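Let's take a friendly walk through a protein model and its ligand. Have a look at the structure first, and then read on.

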Amino acid sequence: MAFQEKTIDHTLVTRQMIQTFVERLGKQISEDYAGKELYLICVLKGSFMFMADLIRELEVPCEIDFMSVSSYEGEKSTGVVKINKDLDRNISGKHILIVEDIVDTGLTLNHLTNLLSTRNPASVRIVTAFDKPMRRKVEIDVHYVGMEIPNEFIVGYGLDLDGYYRNLPDVVVLAPDED
Ligand code: IMP
């Protein structure tokens, strides 16, 4: 889809606020996993920026991997996901931390966590930059949350609208189209 510029309605989360919660999460995760090694899984594409920031705040040895999933056509509400790119390594015995951009209904992560759990990891936890708890359809345990946000569609800091706006350093809400 060609880019159609929209007006920014307001900034919801500034880059300074992001930096503050990334530092907090990095410290907390480093404490919780002290003496262990971490295997971080970045869920593409939205999480790439958060992953890059978070990893620089970690003080435990860690490896990174990338996974790309999409909802099956017409089955969005079930959360059944198709794996477009699987992990590079066997995760048996590893401490897994799934790095997400935003948890909305929770369906994608619910499916992903169940899938990864069948591969015999030592543990599986989730860290997300943003959380919309009001939108949850399934209960999932999100261990680390950067910031809870209201039920608004946000873009920036890796999050997109039709593939665009990921490059915005702040998280913003776009103005609705005028017809
Ligand atoms: P869930 O399965 O409903 O939790 O879907 C989470 C995924 O939906 C995220 O990884 C994002 O790709 C996308 N998503 C949910 N809310 C937003 C938003 O406000 N802006 C951009 N993408 C979103």
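Two elements, β5 (95-103) and α3 (107-117), each give at least two residues to the shell around the ligand. Helices (H or I, at least four residues) and strands (E, at least two) are DSSP runs, numbered from the N terminus. The most comes from β5, with three residues.

The model is predicted: local features need pLDDT of at least 70 and side-chain atom pairs count only at pLDDT 80 or more, while totals for chains, interfaces and linings use all residues. Residues are numbered from 1 along each chain as its sequence is written, and side-chain values use heavy atoms, with hydrogens and water left out.

**Around the ligand**

How many residues surround the ligand? There are 14, and the closest are T105, G106, T108, K132 and I154; a residue is near if one of its heavy atoms lies within 4 Å. The shell divides into five nonpolar, three polar and six charged residues. Here Ala, Val, Leu, Ile, Met, Phe, Trp, Tyr, Cys and Pro count as nonpolar, Asp, Glu, Lys and Arg as charged, and the others, Gly among them, as polar.

The table lists polar contacts of the ligand, meaning pairs of N or O atoms within 3.5 Å.

| Ligand atom | Protein partner | Distance |
|---|---|---|
| oxygen | D101, side-chain N or O atom | 2.9 Å |
| oxygen | D104, polar backbone atom | 2.9 Å |
| oxygen | K132, side-chain N or O atom | 2.9 Å |

On its own, the ligand has 500 Å² of accessible area (Shrake-Rupley method, 1.4 Å probe), and the protein covers 79% of that area.

**The six-stranded sheet**

Six strands make an open sheet with mixed pairing, in the order β4-β3-β2-β5-β6-β7; two strands pair if DSSP finds at least two bridges between them. At the edges are β4 (81-85) and β7 (144-148), each pairing on one side only. Eight bridges join β5 to β6 (residues 123-131) in the parallel sense, and I98 has I126 of β6 as its bridge partner. Helix α1 packs on this sheet, touching β2 (38-44), β5, β6 and β7; contact means heavy atoms within 4.5 Å.

**The three-stranded sheet**

Another open sheet has the order β1-β9-β8, with antiparallel pairing. Why is one side of β1 (8-13) and of β8 (154-155) left without a neighbour in the sheet? Both stand at the edges with a single partner strand each, so one side of each stays free of a neighbour there. Four bridges link β1 to β9 (residues 171-174), and V13 stands opposite V171 in β9. Helix α1 (residues 15-32) packs on this sheet too, touching β1 and β9.

Conventions: Polar contact = N/O pair within 3.5 Å; in protein donor to acceptor, adjacent residues only side chain to side chain. Axes fitted to C-alpha atoms, helices over the stretch in contact; angles between N-to-C directions.
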